[in-house]
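Q: Please take me through one part of this structure slowly, as you would for someone in a first year of study. I would like to see how the charged side chains pair up, with enough of the surroundings to place them.

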Amino acid sequence: WLPLVVNLSAFDGLDDIRIRFRWSDNGNWSGGFAVDDITLRERHGTDLSVERVFAHDPLADLFRPGDQTLGHTMLPLEQAGPLTVAAELMNRGTTLLDGITLSVSVSLDGDEQVVRDTLLTGTLSPGQRTTVVLPTYWSPSSTGSLTVTFSVDVAAHDEDPSNNTGETSMHITGPGWDDGHGAMARDLGHVQGSIGGDRAY
C-alpha cells in the first residue's frame, strides 16, 4: 500500500470535480490495482498532526542482533529493556511550522512513569512528515498494560487541535514461553510466515 496526499486547493470553489486514475504496470504482468480510504478534508493554515505513535524505535534496523526496540503488542517482563518511544508528525497545514513542542507520557497500569517535553529544532514544511525517536531511559519493573501518549503544540495557533494527540499500548506479560524461545518474536497482532527461500533470516 502506498499512501498518497494530493493538494486540491487549486480546485476550491468549483461545482464539479472528477478524479481519474491512470495506472501502468511498467511492462510487468499484473492483475490490477486497488484504491482504498479516499478522504477529502479541509486544509487549515496551521495544522500539526500526530499521525502514529510507537512504543519502539521504528527507524531501527529490524535485523540488528540483540536489539530490543522492535514493535511488540506483548513483551515478557524478563526481556523488557529501556523503553524507546517515537511519534510520526505531519504538517497538514499550508504554512511552514516552527516552535514545535512534543510531550510524551508513559504509563503502566494507569500510573505515570515518564513525562518528557522536547522542543524540536528546525521547521516542518507543508505536507512534510518527520519521525521523532525519544529514549526514555526507563524500564518496566512489573507486568501490566503500558500506554505511550504523545501530544504536540506549535508556536502559532493550531487551527485543528483534534489531531494533536496520539497513543499506543502494549502489554508487559509474565515469563516467556518455551524457555524464552520465541519470546522476542515480532508481534503486530497477526501471524505471518513463509516457507522456502534462499536468504538467511
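**A loop residue, then the salt bridges**

A: Tyr 137 is exposed, its relative accessible area being 71%, and this residue is a useful place to begin because a value over 50% is what exposed means here. The model is a predicted one. Tyr 137 sits in the loop between S6 and strand S7, which covers residues 144-154, and although Tyr 137 is not a glycine, its phi is positive, at about 60 degrees. Most residues other than glycine have a negative phi. Another residue to look at in this respect is Asp 109, which is not a glycine either and has a positive phi of about 55 degrees. Asp 109 belongs to the loop between S4 and S5, and with a relative accessibility of 52% it counts as exposed.

To place these loops, it helps to know the chain as a whole. The chain has eight strands and zero helices, and when you read along the sequence the pattern is β-β-β-β-β-β-β-β. Of its 201 residues, 33% are buried.

Now to the charged side chains. Side chains of opposite charge can pair when their charged atoms come close. In the whole structure, a search finds six salt bridges, among them a contact between Asp 47 and Arg 41, where the distance from N to O is 3.5 Å. The surroundings of these partners can be described by their accessibility: Asp 47 has a relative accessible area of 0% and is buried, whereas Arg 41 has 40% and is partly exposed.

A further salt bridge links Glu 51 and Arg 92, with 2.9 Å between the closest N and O atoms. Glu 51 is in strand S1 (residues 48-54), while Arg 92 is in the loop between strand S3 (84-91) and strand S4 (100-108), so this pair ties together parts that are 41 residues apart in sequence. Glu 51 counts as partly exposed at 24% relative accessibility, and Arg 92 counts as partly exposed at 21%.

Arg 129 and Glu 88 also form a salt bridge, and here the closest N and O atoms are 2.8 Å apart. Because Arg 129 lies in strand S6 (residues 129-135) and Glu 88 in strand S3, this pair too joins parts that are 41 residues apart in sequence. Arg 129 has a relative accessible area of 36%, which makes it partly exposed, but Glu 88 has 14% and is buried, since buried means under 20%. Through salt bridges that share partners, Glu 51, Glu 88, Arg 92 and Arg 129 become one network.

Next, consider how strands are arranged in a sheet. An open sheet is formed by five strands in the order S2-S8-S7-S4-S5, with mixed pairing. At its edges stand strand S2 (74-76) and strand S5 (111-119), each of which has a single partner strand, so one side of each has no neighbour in the sheet. From one strand to the next, the twist averages 20 degrees.

The word mixed becomes clearer when particular pairs in this sheet are examined. S2 pairs with strand S8 (residues 165-173) in the parallel sense, over three bridges, and one residue to look for is Pro 76, whose bridge partner in S8 is Thr 173. S7 and S8, by contrast, pair in the antiparallel sense, over eight bridges, and here Ser 145 has His 171 in S8 as its bridge partner.

Finally, there is empty space to consider. Rolling a probe the size of a water molecule over the atoms shows where empty space is left. The largest pocket holds about 1,500 Å³ of space, and 33 residues line it, of which Leu 4, Val 5, Val 6, Ile 38 and Thr 39 are the closest to its centre. Sorted by kind, the lining of this pocket has 17 nonpolar residues, six polar ones and ten charged ones.

To return to the charged pairs, keep in mind the network that joins Glu 51, Glu 88, Arg 92 and Arg 129, and, as a further pair, the salt bridge between Asp 47 and Arg 41.

How values were computed:
Residues are numbered from 1 along each chain as its sequence is written. This is a predicted model: local features need pLDDT of at least 70, side-chain atom pairs count only at pLDDT 80 or more; totals for chains, interfaces and linings use all residues. Side-chain values use heavy atoms; hydrogens and water are left out. A salt bridge is a side-chain nitrogen of Lys or Arg within 4 Å of a carboxyl oxygen of Asp or Glu. Buried means under 20% relative accessible area, exposed over 50%, partly exposed in between (1.4 Å probe, protein chains only). Helices (H or I, at least four residues) and strands (E, at least two) are DSSP runs, numbered from the N terminus. Two strands pair if DSSP finds at least two bridges between them. Axes are lines fitted to C-alpha atoms, for helices over the stretch in contact, and angles run from 0 to 180 degrees between N-to-C directions. On a 1 Å grid over the protein atoms alone, a cavity is a set of points where a 1.4 Å probe fits but cannot get out, and a pocket is an open set with protein on both sides within 12 Å along at least five of seven lines; lining residues have an atom within 4 Å of a point. Grid points are joined across faces, edges and corners, and a volume is the space filled by probe spheres set on the points. Ala, Val, Leu, Ile, Met, Phe, Trp, Tyr, Cys and Pro count as nonpolar, Asp, Glu, Lys and Arg as charged, and the others, Gly among them, as polar.
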